[in-house]
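Colleague: Please take one part of this model and go through it closely. I would like a connected account, starting from the strand pairing and working outward.

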Amino acid sequence: MGVDAERECWELRSGAGVGPLQFGMSPAEVAQALAVPGPQERAGGPYAQEDFPNGVKAFYDAGKLACVALDAVTGPQVFLSGFPLAGSDPEQGQQFLLDHAAEHGNCLLYTPDDSLSLTDLGVLLRSQQVGAARLTRPLFVKEEWLESEYFRDHLPLEGTSG
């Protein structure tokens with residue numbers, strides 16, 4: 001499978017976190033879980049954001065991990081019922097989420113930018129521009145944050161990549 005063979009695979013823990021990251025962790029605990037000395041870049045404010053070198057962005061609410069965004073190409077891969085959430089075709093990704101929700105009774109939410117979320121699983125699928133292509137970029141969000149007005153109104157997560 002080429003590129004994906006190099007990619008770390010993370011497990012989704014619905015409502016609890018993804019891979020080694022657990023919602024509620026402090027920034028220091030996130031860096032430790034990712035086995036890095038610290039983030040490459042940090043943005044402050046009540047909803048702080050940290051960028052890590054392995055295609056992982058962490059978002060905090062009051063100093064506690066509330067959202068993890070994975071880069072479509074450089075971030076870890078996460079599968080949901082066998083579907084690769086990172087780096088897939090956005091239309092296929094949306095159709096997969098619609099089908100998954102119909103089959104499993106998940107709660108669907110469309111965000112203002114037309115991204116689709118399974119709120120009960122804490123999965124939000126956005127698209128990311130990568131060169132000439134658009135690919136899926138998964139976000140894993142604690143449910144109460146996903147449904148918050150702040151998150152819906154601001155979507156503090158850009159959808160483009162280098």
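Modeller: Strand β6, residues 49–52, is joined to β7 by four bridges, and the two run antiparallel. This is a predicted model. Within that pair, Glu 50 stands opposite Ala 58 of β7. The two strands make a hairpin, with three residues between them. Gly 55 sits in that turn and has a positive phi of about 75 degrees.

Now follow β7 onward. Its next partner is β8, residues 64–70, again in the antiparallel sense, over six bridges. Asp 61 has its bridge partner in β8, namely Lys 64. This is a hairpin too, with two residues between the strands. Here the turn holds Ala 62, whose positive phi is about 55 degrees.

So how enclosed is β7 itself? The strand covers residues 56–61, and five of those six residues are buried, so β7 is largely enclosed by the rest of the structure. As a general point, side chains in a regular strand alternate between the two faces of the sheet.

A contact on the β6 side comes from Glu 41, which lies in strand β5, residues 41–43. Setting aside residues up to four places away in sequence, Glu 41 touches Gln 49, Glu 50 and Asp 51. Glu 50 is the residue that stands opposite Ala 58 in β7. Glu 41 counts as exposed, because its relative accessibility is 53% and the cut-off for exposed is over 50%. Glu 41 and Lys 57 are 16 residues apart in sequence, while their C-alpha atoms are 9.5 Å apart in space.

The cysteines come next. Cys 67 is buried, at a relative accessible area of 0%. Cys 107 is partly exposed, at 41%. The structure holds zero disulfides.

Moving outward, there is another sheet to look at. Three strands form it, in the order β1-β9-β10; the sheet is open and its pairing is mixed. At the edges stand β1, residues 9–10, and β10, each with a single partner strand, so one side of each has no neighbour in the sheet. Strands β9 and β10 run antiparallel and are joined by two bridges. Leu 80 has its bridge partner in β10: Phe 83.

The loop between β10 and α3 holds Ser 88. Is Ser 88 buried or exposed? It is buried, with a relative accessible area of 9%. Its side chain reaches the backbone oxygen of Pro 84 at 2.6 Å. Beyond its neighbours within four places in sequence, Ser 88 is in contact with Phe 83, Arg 134, Leu 135 and Thr 136. Phe 83 is the bridge partner of Leu 80.

Then comes helix α3. Asp 89 caps its N-terminal end. A side-chain oxygen of Asp 89 lies 3.1 Å from the backbone nitrogen of Glu 91. The helix takes in residues 90–104, which is 15 residues. At 1.5 Å a residue it should span 21 Å, and its end C-alpha atoms are 21 Å apart, so the two agree. Gly 105 follows α3, with a positive phi near 70 degrees.

Which residues of α3 are buried? They are Gly 93, Phe 96, Leu 97, His 100 and Ala 101. Seen down the axis of α3, they fall within an arc of 130 degrees, so they line one face of the helix. The face turned away from that side carries the exposed residues Glu 91, Gln 92, Ala 102 and Glu 103. Several strands help to cover the buried residues of α3, including β9 (77–80), β10 (83–84), β11 (108–110) and β12 (116–118). Strands β13 (123–130) and β14 (133–141) are also among the cover.

The loop between β11 and β12 is where Asp 113 is placed. At 33% relative accessibility, Asp 113 counts as partly exposed. Asp 113 and Arg 126 are 13 residues apart in sequence, and 8.6 Å apart in space from C-alpha to C-alpha.

Last, the whole chain. Its secondary structure comes to five helices and 14 strands. Of its 162 residues, 47% count as buried. Among contacts with a separation of 6 or more, 44% come from residues 24 or more positions apart.

Notes:
Residues are numbered from 1 along each chain as its sequence is written. This is a predicted model: local features need pLDDT of at least 70, side-chain atom pairs count only at pLDDT 80 or more; totals for chains, interfaces and linings use all residues. Side-chain values use heavy atoms; hydrogens and water are left out. The expected span of a helix is 1.5 Å times one less than its number of residues. Buried means under 20% relative accessible area, exposed over 50%, partly exposed in between (1.4 Å probe, protein chains only). The arc is that of the directions from the helix axis to the C-beta atoms. Contact means heavy atoms within 4.5 Å. A polar contact is a pair of N or O atoms within 3.5 Å; within protein, one must be able to donate a hydrogen and the other to accept it, and residues adjacent in sequence count only if both atoms are side-chain atoms. Two strands pair if DSSP finds at least two bridges between them. A disulfide is a pair of cysteine sulfur atoms within 2.5 Å.
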